[in-house]
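Here is a short report on one protein chain. Please look over its sequence and its model before reading on.

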Amino acid sequence: KGSDLFQVLTRGEGVILDEKLIFQNVVTLKIPSMGCVGCVNKVLTSLRRFSSNQLVVSDVKSWLIDPKGGMARVVLSSKESQLMDESLRQVIKAVKDAGFQDCSVVSVEMCK
């Protein structure tokens with residue numbers, strides 16, 4: 001259980017966040033060693049589990065792009081902008097801890 005501030009409510013497949021979570025980053029990752037549907041699911045699972053008291057993963061997608069390799073897109077939400085820098089390191093660590101060592105950030109879009 002996290003703090004009341006970081007409660008996430010779901011409606012259907014969408015996610016509705018607490019209105020106090022005002023900062024969002026959309027992070028796109030390249031994962032060259034992700035080569036099958038099992039790998040896609042492993043990346044999804046590792047990124048979905050990556051929420052904390054300070055940060056919420058509000059959306060995750062991953063897909064294959066080559067015969068060997070894939071991408072992931074993560075939407076991170078927080079109430080403080082300075083938490084976003086550390087969150088990038090934590091997202092990469094989560095993917096690497098899942099066994100995908102050559103993960104790299106392709107882009108980061110900051111939203112408010």
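Which residue in β5 does Trp63 stand opposite? Its partner is Met71. The model is a predicted one.

## Overall fold

The chain has 112 residues, and 38% of them count as buried. Its secondary structure comprises two helices and six strands. From start to end, the order of elements is β-β-β-α-β-β-α-β.

Many contacts span the sequence. Among contacts with a separation of 6 or more, 68% join residues 24 or more positions apart. The chain exposes about 6,700 Å², and carbon and sulfur atoms supply 51% of that area.

## The sheet

Four strands build an open sheet, ordered β4-β5-β3-β6, with antiparallel pairing. The edges are β4 (55–64) and β6 (104–111), each paired on one side only. From one strand to the next, the twist averages 15°.

Strands of a sheet pair through backbone hydrogen bonds. Here, β4 and β5 (residues 70–78) run antiparallel and are joined by nine bridges.

## The helices

Helix α1 covers residues 37–48 and packs on the sheet. Helix α1 touches β3 (23–31), β4 and β5, and its direction makes about 170° with that of β4.

Helix α2 covers residues 83–97. Helix α2 lies across β3, β4, β5 and β6, and runs at about 30° to β3.

## Salt bridges

The chain has three salt bridges. Asp59, Lys61 and Arg73 are linked in a network. Within this network, Asp59 meets Lys61 at 3.2 Å, N to O. Asp59 also meets Arg73, at 3.0 Å, N to O. Arg73 sits in β5 and Asp59 in β4, so this pair ties together parts that are 14 residues apart in sequence.

How accessible are these side chains? Asp59 is partly exposed at 26% relative accessibility. Lys61 is partly exposed at 42%, and Arg73 is partly exposed at 25%.

Another salt bridge joins Lys93 and Asp97, with the closest N and O atoms 2.6 Å apart. Lys93 and Asp97 are separated by about one helical turn because they are four residues apart in helix α2. Asp97 counts as exposed, with 57% relative accessibility.

## A nonpolar surface patch

Which residues form the nonpolar patch on the surface? They are Val105, Val108 and Met110, with about 270 Å² of accessible area together. Val108 is in strand β6. Val108 has 32% relative accessibility, so it counts as partly exposed.

Terms used: Residues numbered from 1 in each chain as written. Predicted model: local features only at pLDDT ≥ 70, side-chain atom pairs only at ≥ 80, totals over all residues. Heavy atoms only, no water. Pairing = 2+ DSSP bridges. Axes fitted to C-alpha atoms, helices over the stretch in contact; angles between N-to-C directions. Contact = heavy atoms within 4.5 Å. Patch = residues over 30% accessible without salt bridge, like charges linked within 9 Å, V, L, I, M, F, W, Y side chains within 5 Å. Areas by Shrake-Rupley, 256 points an atom, 1.4 Å probe, with all protein chains shown as cover. Salt bridge = Lys/Arg side-chain N within 4 Å of Asp/Glu carboxyl O. Buried < 20%, exposed > 50% of the residue type's maximum accessible area, 1.4 Å probe, protein only.
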